[in-house]
Amino acid sequence: MTVAVLEARTWRRFTPAQRLARFAVYLAMVTAIVVSIQTVEVIPEFMLDAPEQMADLLKRMWPVAFAYYPKGVHEALVETLHIATLGTILAVLMAFPVGLMAANNITPSRTLNYIAKLLLVSSRSVNSLVWALLFVAVFGPGALAGTLAIAFRSIGFVGKLVGEAVEEANQGTIEALQAVGAPWLSVLTKGYWPQIQPAFWSVVLFRWDINVRESAVLGLVGAGGIGMALDTAMNLFQWDRVAMVLLAIFAVVIIAEIVVTAIRKRII
Amino acid sequence: MVTVTVAAGRIAFKPNWWARAGWIALVVYIVYACSLLDVTWARFMVGLDNGARFIGRMFPPNFSRWEILAKGLAESLEIAVLASTLGILVSLPIGLLASRNLMPVWVTWPARMFIALCRSFHPVIVAIVFVKALGFGALSGIAALTVASIGFIGKLFAEAIEEISLKQVEAVRATGAPFMNVITYGVLPQVFGRFMGFATYQLDSNLRNSTMVGIVGAGGIGGALFAAFQRFDYDFVCAMLLSIIFLIFVGELIATQVRAIFLERTRVDEE
């Protein structure tokens with residue numbers, strides 16, 4: 001009896017509105033893919049000799065010019081690491097005020113919050129290579145442009161996460177400090193800072209890891225670092241040197257990731 | 001009850017000498033690195049002067065060559081869509097192979113190595129290699145961003161699968177379902193929502209990068225942007241930058257909407 005009633009029901013996981021929304025997304029995706037395939041300019045002939053070209057490339061890359069490392073790569077590699085590190089430090093210095101301005105419990109003004117969020121979003125939506133192009137045009141080629149590009153690109157990322165961490169902070173400690181009459185700066189350093197510290201360090205480490213990768217390509221537009229060595233070697237078709245540079249970048253990226261994972265395990 | 005005796009002259013917050021030493025080390029490093037990178041105040045000031053002139057030449061943005069602009073943006077969009085599609089299609093099986101709770105060690109290890117390899121190079125560097133192999137144009141851009149997508153989605157997808165509840169997998173297995181059915185009915189429903197989240201995020205990220213791979217000749221608006229920069233055609237550069245930022249903004253809005261649709265807490269409703 002009850003069994004029959006149950007069988008007559010149709011159980012569905014989603015509401016009609018949810019299903020409609022999902023269907024719309026699928027339809028949009030398929031349309032986008034079909035339109036892209038039809039309109040993209042791909043020359044199929046280029047694909048035919050791709051294996052040949054690839055083999056040629058590998059042949060030219062071998063043997064890797066290890067002898068080039070001490071005179072052409074090492075210095076640029078160190079410069080890349082300095083660009084990434086200095087850029088991250090600079091980004092943190094600039095991101096802190098903006099992040100605090102974006103957090104509603106520190107800056108209780110919706111207008112200021114929106115301005116800060118707009119700053120953070122615009123920092124993130126400009127690619128680091130574009131930032132590098134801009135700063136090369138302003139400061140001339142070199143590491144200064146690269147450092148500033150890395151810093152400006154990272155403000156959005158660090159600032160957003162700092163702001164979110166501050167907004168999530170437990171208000172008990174803050175109230176206790178305010179109750180004893182602690183000044184504004186003490187509330188920040190003794191109330192908020194210990195609470196956001198774990199999130200902060202993990203964000204900074206994560207961003208540094210990303211910045212090491214990004215600073216390796218900035219040289220392609222003249223903003224210093226190992227990308228310059230890569231660009232020179234490529235323009236001269238010295239593929240064995242290109243291979244050396246790529247190997248060096250690969251090694252640094254892997255080492256950076258290992259270092260970040262190790263530090264993160266110890267402090268967080 | 002525990003009585004707490006308060007010593008006279010107690011300091012509320014003890015000085016943390018390690019932290020102070022850290023701050024000093026940081027300042028020393030900044031000074032050292034600045035000197036090494038030839039970052040000086042004088043250069044900065046000269047730059048500010050330059051910057052004012054530069055910004056003056058950027059405005060008003062020049063949209064008169066909008067055909068080049070529209071063509072470049074359309075190509076960037078196409079690259080982003082196709083690279084995301086290909087990358088997602090490839091990273092589905094690879095992510096599955098890399099998940100340690102469903103696969104034996106000898107399968108996960110090579111899959112993880114492959115994903116790590118895809119992730120370790122910046123898309124622009126990968127694009128250089130593909131430009132040599134596949135020639136100039138959108139195809140190289142698609143290939144380069146596909147590699148980047150595999151590195152990102154493969155990793156996240158593997159992590160998502162590792163976090164699923166194995167109870168459902170066990171239940172499907174207990175009915176004697178073959179492997180593919182275990183995947184489609186036991187695993188996929190649990191990760192699908194998050195997976196759509198990763199996919200939209202990757203589309204967003206590919207859109208950003210597809211505007212850049214053109215710098216090394218891999219199609220999209222990057223080529224035109226770089227060329228305009230080298231010709232000091234700054235008002236056109238400004239027009240392109242504004243368009244790119246607008247496109248990315250719209251892309252981010254759409255991505256947020258899609259994520260909201262798929263990550264909504266799925267209620268079990270009856271009709």
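In what order do the elements of chain B run from the N terminus on? Hello everyone, let me start there. They run α-α-α-α-α-α-α-α-α-α-β, which gives chain B 10 helices and 1 strand. Before I go on, please keep in mind that this is a predicted model.

So what does that string of helices add up to in space? The radius of gyration of chain B is 26 Å, while the globule rule gives 18 Å for 271 residues, so chain B is more spread out than a compact globule. Along the principal axes, the C-alpha trace of chain B spans about 75 × 75 × 45 Å. As for burial, 39% of the 271 residues in chain B are buried.

The domain assignment fits into this picture too. For chain B it gives domain 1, residues 17–58, and domain 2, residues 66–263. Their centres, taken over C-alpha atoms, are separated by 35 Å. If you like contact maps, here is one more number: among contacts in chain B with a separation of 6 or more, 73% come from residues 24 or more positions apart.

Now over to chain A. How many helices and strands does chain A have? The count is 12 helices and 1 strand. Here the strand comes second in the order, because reading from the N terminus the elements go α-β-α-α-α-α-α-α-α-α-α-α-α. The radius of gyration of chain A is 26 Å, whereas a compact globule of 268 residues would have one near 18 Å. Its C-alpha atoms fill a box of roughly 70 × 70 × 40 Å along the principal axes. Of the 268 residues in chain A, 38% count as buried.

Chain A is also divided in two, with domain 1 at 2–46 and domain 2 at 59–267. The centres of those two domains lie 38 Å apart, again over C-alpha atoms. And for contacts in chain A between residues at least 6 apart in sequence, 73% join residues at least 24 apart.

Let's bring the chains together. At the interface, 55 residues of chain A are in contact with 46 residues of chain B. Which element gives the most to the chain A side? That is helix H2, residues 16–39, with 9 residues. By residue type, the chain A side of this interface divides into 34 nonpolar, 12 polar and 9 charged.

Next, a helix I would like you to look at on the screen: H8 of chain A, residues 143–167. At 1.5 Å a residue, its 25 residues should span 36 Å, and the end C-alpha atoms are 35 Å apart, which agrees. There is a bend in H8(A), though, of about 35 degrees at Ser154(A). Is H8(A) mostly covered or mostly open? Mostly covered: 22 of its 25 residues are buried.

Chain B has a helix H8 as well, covering residues 179–210, and Met196(B) has its place there. Is Met196(B) buried, exposed or partly exposed? With 18 other C-beta atoms within 10 Å, Met196(B) is partly exposed, because the cut-off for buried is 20 or more. Leaving aside residues up to four places away in sequence, Met196(B) touches Val258(B) and Phe262(B). Met196(B) also sits 6.9 Å from Arg259(B), C-alpha to C-alpha, although their positions lie 63 residues apart in sequence.

I'll finish with two phenylalanines for those of you who check backbone torsions. Most residues other than glycine have a negative phi. In chain A, Phe237(A) has a phi near 55 degrees, which is positive. Phe237(A) lies in the loop between helix H11 (226–235) and helix H12 (239–267). It has 10 C-beta neighbours inside 10 Å, so Phe237(A) counts as exposed.

In chain B, the residue to look at is Phe232(B), where phi is near 60 degrees, also a positive value. Where is Phe232(B) placed? In the loop between helix H9 (221–230) and helix H10 (234–263) of chain B. Phe232(B) has 10 other C-beta atoms within 10 Å and is therefore exposed.

That's my tour; thanks for listening, and I'm happy to rotate the view for anyone who would like another look.

Key: Residues numbered from 1 in each chain as written. Chains lettered and ligands numbered in written order. Predicted model: local features only at pLDDT ≥ 70, side-chain atom pairs only at ≥ 80, totals over all residues. Domains from an automatic or database assignment. Helix = DSSP H or I, 4+ residues; strand = E, 2+ residues; numbered from the N terminus. Buried ≥ 20, exposed ≤ 12 C-beta atoms within 10 Å, placed from the backbone. Contact = placed C-beta atoms within 7 Å. Nonpolar A, V, L, I, M, F, W, Y, C, P; charged D, E, K, R; others polar. Expected span 1.5 Å × (residues − 1). Bend = angle between axes of the 7 residues up to and from the residue. Rg over C-alpha atoms; globule rule 2.2 N^0.38 Å.
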